[in-house]
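Dear colleague,

I am passing on the structure below, since you have not worked with it before. Please look through it first, and then read the notes underneath.

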Amino acid sequence: GQAAAAKFQAGLTALQEHPLVGETRGVGLLGAIELVKDKTTRERFSASGATGAACRKHCFQTGVVMRAVGETMFLCPPLVISDDEIDELFRLVRRALDLTWRDVS
């Protein structure tokens, strides 16, 4: 419900500190994560979407489901997600972002 959505949005916002994340946005249990080459200027990687594809690959290997559309990652967990599952979700998302950052650094 609303408590899960609030916890999810707080987790999404916390990802903004990650060096690969230029911006996050979302509503309810929907979230988008913009992957950027430079946090200060918000410069994107190539338009090919290769970084998003790399992140998606790491998501599969890490066990988290995120969709890549270009350089934007979309997160949409089940509506019945628990607080513990939200914590685990963002732990896995952070791991996938870390692995992607390692690839592009």
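What follows is a description of the sheet, then of the helices that pack on it, and then of the contacts between helices.

Please keep in mind that this is a predicted model. The chain averages a pLDDT of 94, and 100% of the residues score at least 70. Confidence is lowest in strand 3, residues 67–69, where the mean is 94, and it is highest in strand 2, residues 30–35, at 97.

The sheet

The sheet is an open one, formed by 4 strands in the order 1-2-4-3 with antiparallel pairing. Its edges are strand 1 (21–27) and strand 3, each of which pairs on one side only, and from one strand to the next the twist averages 20 degrees.

Going across the sheet from strand 1, we find that strand 1 and strand 2 run antiparallel and are joined by 6 bridges, with threonine 24 standing opposite isoleucine 33 in strand 2. These two strands form a hairpin that has 2 residues between them, and in its turn glycine 28 has a positive phi of about 60 degrees.

Strand 2 is also paired with strand 4, again in the antiparallel sense, over 4 bridges; here glycine 31 is placed opposite leucine 75 of strand 4.

At the other edge, strand 3 is joined by 3 bridges to strand 4 (residues 72–75), and the two run antiparallel. Arginine 67 has phenylalanine 74 of strand 4 as its bridge partner, while valine 69 stands opposite threonine 72 in strand 4. The hairpin of strand 3 and strand 4 has 2 residues between the strands, and glycine 70 takes a positive phi near 65 degrees in it.

Helices on the sheet

Helix 1 packs on the sheet, where it touches strand 1, strand 2 and strand 4, and its direction makes about 5 degrees with that of strand 2. Helix 3 lies across strand 1, strand 2 and strand 4 as well, running at about 165 degrees to strand 4.

Contacts between helices

The axes of helix 1 (residues 2–14) and helix 3 (residues 83–104) come within 10 Å and cross at roughly 20 degrees. Since angles under 35 degrees count as roughly parallel, helix 1 and helix 3 are therefore roughly parallel to each other, and their crossing is right-handed. On the side of helix 1 the contact is made by Ala4, Lys7, Phe8, Gly11, Leu12 and Ala14, and on the side of helix 3 by Asp83, Ile86, Asp87, Leu89, Phe90 and Arg94. Sorted by class, this contact of helix 1 with helix 3 has 7 nonpolar, 1 polar and 4 charged residues.

Helix 3 has a further contact, with helix 2 (residues 50–62): the axes of these two helices come within 8 Å and cross at roughly 135 degrees, which makes helix 2 oblique to helix 3. The crossing of helix 2 and helix 3 is right-handed. From helix 2 the contact is made by Thr51, Ala54, Cys55, Lys57, His58, Cys59 and Thr62, and from helix 3 by Leu92, Arg95, Ala96, Leu97, Leu99, Thr100, Arg102, Asp103 and Val104. The residues in this contact of helix 2 with helix 3 divide into 8 nonpolar, 4 polar and 4 charged.

As you turn the model, a useful place to begin may be helix 3, which lies across strand 1, strand 2 and strand 4, comes within 10 Å of helix 1 by their axes, and comes within 8 Å of helix 2 by their axes.

With best wishes

Definitions and conventions. Residues numbered from 1 in each chain as written. Predicted model: local features only at pLDDT ≥ 70, side-chain atom pairs only at ≥ 80, totals over all residues. Heavy atoms only, no water. pLDDT = per-residue confidence, 0-100. Axes fitted to C-alpha atoms, helices over the stretch in contact; angles between N-to-C directions. Parallel < 35°, antiparallel > 145°, perpendicular 65-115°, else oblique. Left-handed = near helix turned anticlockwise from the far one by under 90°. Contact = heavy atoms within 4.5 Å. Nonpolar A, V, L, I, M, F, W, Y, C, P; charged D, E, K, R; others polar. Pairing = 2+ DSSP bridges.
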